[in-house]
Amino acid sequence: MRAAVLHETGQEKLEVLDDVEAVGFGPGKVRLRIRATGLCHSDVSAMNGVLPQPAPFIPGHEGAGEVLDVGDGVTGLGAGDRVLVCWLPACGACPSCRRGQTQLCLAGFLNAGTPNFKRPGGDVFGFAGTGTFTEEVVVGAGCAVPIPDDVPFEIAALIGCGVTTGLGAAINTARVEAGSSVAVIGCGGVGISTIQGARVQGAAQIVAVDPVASRREAALRFGATEAVAPDGLADAKQRITGGEGFDYVFEVVGRSATARTAYEHTRRGGTLCIVGAGAMDDHFQVNMFELFFDEKRILPSMYGGGDVLRSYERAIALWRAGRIDLESMITHRVRLEEVNDALDQMRTGESLRTCIQL
């Protein structure tokens, strides 16, 4: 079967090959035919080594498709079922799951160290234990979440990561209050979803911050009340909040420099929400006096900060009701053979979300 493979961490290009085989099928597993997959910035971060991932590997974790076969012991799923891929399934038994913090379950991360593909030359891993830049993949049954018939595969794929992450940051983690002021730094697919989440929550002012003009323009269409380049954020803070700072600031880039900027533009007693996934050697610093004196809440948000299955259902309900726009987030559609063009579009900021159709 065909798949896009990164041979070594640090390479910028993927190679589309037709000699890849999905392996590991057996009890508790399902074999999926991928129909659509989104290109998420986390895929690029894994390619360049910011996020740890053994290589060679197949990127992709934001996918949807059909069940081809189910292994022994799998219930609630059957051949032909339409599903989205959950890259962080909950085991249901660990301390995090028992506390209701299923987004912190580590079972899914452990899958990343087990190869689920092979080629004549050896084993191939799937990013985050999945790897959706491929025609077929074998995953644990918990990774295959049934979707209603009226949800297109490309919409379901986005809900599998970027939409859930962004909406959840605003709704679950920060719990944006109606009438509040919000700034969102970084307006790719996750940032746009965060803006939509803040709008759903009733924020009065939502300032989108991004260096790319096309993304700023897009942010206005998705609910931002204004959009500025990074050098315009201080002026927006002065105009909108009288210099006090925003009630909520979301960092959706994954860098300490932008996190520090976000902190400085959060009002005293306000909330800084860290949504971007960054590198282990990139340290965010605050001094102990400001940490105490400003009483700003610093809240990381992992995969939307809540139960992902409930978050999926909520995203579908909001989409059906017309409260969020998911179709327009897909700015580019490509075939698997064009995946490197899609990577370039993401790196330059040209795309919000690219859907790879298989």
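1. Helices and strands in this note are DSSP runs, numbered from the N terminus, with a strand (E) taking at least two residues. The model under review is a predicted one. On that numbering, alanine 128 falls in the loop between strand S9 (122-126) and strand S10 (136-140), and its phi is near 55°, a positive value in a residue other than glycine.

2. Alanine 128 also takes part in the lining of the largest cavity, which it shares with Trp87, Leu88, Gly108, Phe109 and Ala112. The space in this cavity is about 30 Å³, and the count of cavities of 30 Å³ or more comes to 1. By class, the lining is made up of 5 nonpolar residues and 1 polar residue, with no charged residues.

3. A second backbone feature for the reader to inspect is the peptide bond between alanine 55 and proline 56, which is cis, with omega at about 0°. Proline 56 is placed in the loop between helix H1 (41-47) and strand S5 (57-58).

4. Turning to helix packing, helix H5 (residues 162-173) and helix H6 (residues 189-201) have axes that come within 7 Å and cross at roughly 40°. Angles under 35 degrees count as roughly parallel and those from 65 to 115 as roughly perpendicular, and H5 and H6 are therefore oblique to each other. The handedness of the crossing of H5 and H6 is right-handed.

5. On the H5 side of this contact stand Gly162, Val163, Thr165, Gly166, Leu167, Ala170 and Ile171, and they meet Val190, Ser193, Thr194, Gln196, Gly197, Ala198 and Gln201 in H6. Sorted by class, the residues of the contact of H5 with H6 are 6 nonpolar and 8 polar, with no charged residues.

6. H5 also packs with helix H11 (residues 308-320), at an angle of about 95° and with the axes 10 Å apart. Because angles of 65 to 115 degrees count as roughly perpendicular, this makes H5 roughly perpendicular to H11.

7. In the contact of H5 with H11, the H5 residues are Val163, Thr164, Leu167, Gly168, Ile171 and Asn172, which meet Ser311, Tyr312, Arg314 and Ala315 in H11. The classes in the contact of H5 with H11 are 5 nonpolar, 4 polar and 1 charged. Val163, Leu167 and Ile171 of H5 are listed both in the contact with H6 and in the contact with H11, and a reader who wishes to check the two packings together may find these residues a convenient place to begin.

Conventions:
Residues numbered from 1 in each chain as written. Predicted model: local features only at pLDDT ≥ 70, side-chain atom pairs only at ≥ 80, totals over all residues. Heavy atoms only, no water. 1 Å grid on protein atoms, 1.4 Å probe; cavity = no way out; pocket = protein on both sides within 12 Å on 5 of 7 lines; lining within 4 Å. Points joined across faces, edges and corners; volume = space filled by probe spheres on them. Nonpolar A, V, L, I, M, F, W, Y, C, P; charged D, E, K, R; others polar. Axes fitted to C-alpha atoms, helices over the stretch in contact; angles between N-to-C directions. Helix = DSSP H or I, 4+ residues; strand = E, 2+ residues; numbered from the N terminus. Parallel < 35°, antiparallel > 145°, perpendicular 65-115°, else oblique. Left-handed = near helix turned anticlockwise from the far one by under 90°. Contact = heavy atoms within 4.5 Å.
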